[in-house]
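The following exercises concern burial, helix faces and a pocket. Please work through each task before reading its solution.

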Amino acid sequence: MSEADISTAAALYREGRSAAIIGRRLGFDPQTVLNGLRSVEVPIRARPGRDRQGPR
């Protein structure tokens, strides 16, 4: 992703868009979007419905 792509992705993510939606819009895989966001230290939200405590 270019710096412009990452900047756009960060703005969309901060507005509440998901990595999947951003990826479709910009033409990248969601994981690539997340990697780009992490590269500029954007905090990544927990995925809805995911239990972050792990199996019991």
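**Exercise 1.** Determine which helices each supply at least two residues of the lining of the largest pocket, and state how the lining residues divide by chemical class.

*Solution.* Step 1: helix H2 (19–26) and helix H3 (30–39) each supply at least two residues of the lining; helices are DSSP runs of H or I with at least four residues, strands are runs of E with at least two, and both are numbered from the N terminus. The model is a predicted one, in which local features need pLDDT of at least 70 and side-chain atom pairs count only at pLDDT 80 or more, while totals for chains, interfaces and linings use all residues. Residues are numbered from 1 along each chain as its sequence is written, and side-chain values use heavy atoms, with hydrogens and water left out.

Step 2: the largest pocket holds about 250 Å³ of space. Of its 12 lining residues, the closest to the centre are Tyr-13, Leu-34, Arg-45, Ala-46 and Arg-47. A pocket is an open set of points on a 1 Å grid over the protein atoms alone, where a 1.4 Å probe fits, with protein on both sides within 12 Å along at least five of seven lines; lining residues have an atom within 4 Å of a point. The volume is the space filled by probe spheres set on the points, which are joined across faces, edges and corners.

Step 3: the lining comprises 7 nonpolar, 1 polar and 4 charged residues (nonpolar: Ala, Val, Leu, Ile, Met, Phe, Trp, Tyr, Cys and Pro; charged: Asp, Glu, Lys and Arg; polar: the others, Gly among them).

**Exercise 2.** Establish how the buried residues of H1 are arranged about its axis.

*Solution.* Step 1: H1 covers residues 3–14, and its 12 residues should span 16 Å at 1.5 Å a residue, which agrees with end C-alpha atoms 16 Å apart. The expected span is 1.5 Å times one less than the number of residues.

Step 2: Ile-6, Ala-9, Ala-10, Leu-12 and Tyr-13 are the buried residues of H1 (buried: under 20% relative accessible area; exposed: over 50%; partly exposed: in between; 1.4 Å probe, protein chains only). Seen down the axis, these residues fall within an arc of 165°, so they line one face of H1; the arc is that of the directions from the helix axis to the C-beta atoms.

Step 3: the buried residues of H1 pack against H2 and H3, with contact meaning heavy atoms within 4.5 Å. The face turned away from the buried side carries the exposed residues Glu-3, Ala-4 and Arg-14.

**Exercise 3.** Carry out the corresponding analysis for H2.

*Solution.* Step 1: in H2, Ala-19, Ile-22 and Gly-23 are buried. Their arc, viewed down the axis of H2, is 100°, so they line one face.

Step 2: the cover over these buried residues includes H1 and H3, whereas Arg-24 and Arg-25 are exposed on the face of H2 turned away from the buried side.

**Exercise 4.** Which residues does Arg-17 touch, not counting residues up to four places away in sequence?

*Solution.* Step 1: Arg-17 lies in the loop between H1 and H2 and counts as partly exposed, because its relative accessibility is 34%.

Step 2: beyond that sequence limit, Arg-17 touches Leu-12, Ile-22 and Arg-45.

**Exercise 5.** Describe the backbone and accessibility of Glu-41.

*Solution.* Step 1: Glu-41 is placed in the segment after H3. Although not a glycine, Glu-41 has a positive phi of about 60°.

Step 2: Glu-41 counts as exposed, because its relative accessibility is 71%.
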